[in-house]
Amino acid sequence: MSTWANLGLQDSASPLMEQLIFFHDHALLILVMITVLVGYLMFMLFFNTYVNRFLLHGQLIEMIWTILPAIILLFIAMPSLRLLYLLDEINEPSITLKSIGHQWYWSYEYSDFNNVEFDSYMIPTNELSNDGFRLLDVDNRIVLPMNSQIRILVTAADVIHSWTVPALGVKVDGTPGRLNQTNFFINRPGLFYGQCSEICGANHSFMPIVIESVPVNYFIKWISNSVNS
Ligand code: CUA
């Protein structure tokens, strides 16, 4: 979860988010190098009075400053493409979670387990316990096993929503009449918070997502209790 003064990305809880952070840092480093170089050149050009009376053209330098940016862009485009295809890969998931966006709450279905289904509403501030997170905690959390490939199917019942959990590197639109799919792997236990990130109406800000990542045997206990009740 993001807290005060956290201006960067959240710590990753999945291998894909780790790769996204690496790519972000890589792109930012290239950006800094370009900014410093161009800034230095502009500074030196503004603050000197040298004039070359015979300068009309420079074939070599123009070749260099045309081709060099193209090569630099390739250094961003190649890892970007690699990541794009990695994010889209479905790695034989062991369970599937279906998530349906409503105005304004999420509902979930565990289709592999007798279709366990429940709604997940934000806890209003006046009902919040002292250790709860305002505008972020929900009444029914998603429980998922860690160290397993999980497929998530996202759709919506009314308008477009977006199922977004930053620590997992997941952001999938839920669109009425369509079923979107993605895949993630949670590599540590914990609570992971997310929010809807498609402007979906008056209470868009109040449909958070909470994932409780637990060891597989805990998950089996939880799901068998849910199936039997
Ligand atoms: Cu649902 Cu914004």
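This talk walks through the two domains of one protein chain, how they meet, and what the UniProt record says about them.

Keep in mind that this is a predicted model.

Let's start with the layout. The domain assignment splits the chain in two: domain 1 runs over 15–88, and domain 2 over 95–228. Their centres, taken over C-alpha atoms, are 40 Å apart.

Now the record. An unreviewed UniProt entry annotates residues 92–225 as "domain: Cytochrome oxidase subunit II copper A binding". In the model, that span is 45% strand and 7% helix. Its end C-alpha atoms lie 26 Å apart.

The unreviewed entry also lists residues 27–51 and 63–87 under "transmembrane region". How much helix is there over residues 63–87? The model makes that stretch 100% helix, with 0% strand. Its end C-alpha atoms are 37 Å apart. Residues 27–51 come out at 80% helix and 0% strand. There the end C-alpha atoms are 36 Å apart.

On to the interface. How many residues of each domain are in contact? Five from domain 1 touch eight from domain 2. As a general point, interface size is often quoted as the accessible area lost when the parts come together. Here, domain 1 and domain 2 bury about 420 Å² between them. Carbon and sulfur atoms account for 56% of that area. Which residues of domain 1 lose the most area to domain 2? They are Pro 15, Leu 16 and Met 17. Together they make up 76% of what the domain 1 side buries.

Next, the element behind that side. Helix α1, residues 15–46, gives the most to the side of domain 1 that touches domain 2, with four residues. And the chemistry of that side? It divides into five nonpolar residues, no polar and no charged.

What about specific pairings across the interface? The rule finds zero salt bridges between domain 1 and domain 2. It also finds zero residue pairs in polar contact, counting pairs with both residues at pLDDT 80 or more.

One last residue: Ile 21. It lies in helix α1. Leaving out residues up to four places away in sequence, Ile 21 touches Leu 9, Gln 10 and Ser 12. How far is Ile 21 from Leu 128 in space? The distance is 33 Å, C-alpha to C-alpha, with their positions 107 residues apart in sequence.

To recap: two domains, 15–88 and 95–228, with about 420 Å² buried between them and zero salt bridges across the interface.

Conventions: Residues numbered from 1 in each chain as written. Predicted model: local features only at pLDDT ≥ 70, side-chain atom pairs only at ≥ 80, totals over all residues. Heavy atoms only, no water. UniProt positions renumbered as here; feature names shortened; annotations may be inferred. Helix = DSSP H or I, 4+ residues; strand = E, 2+ residues; numbered from the N terminus. Domains from an automatic or database assignment. Contact = heavy atoms within 4.5 Å. Buried area = accessible area lost by both parts, 1.4 Å probe. Salt bridge = Lys/Arg side-chain N within 4 Å of Asp/Glu carboxyl O. Polar contact = N/O pair within 3.5 Å; in protein donor to acceptor, adjacent residues only side chain to side chain. Nonpolar A, V, L, I, M, F, W, Y, C, P; charged D, E, K, R; others polar.
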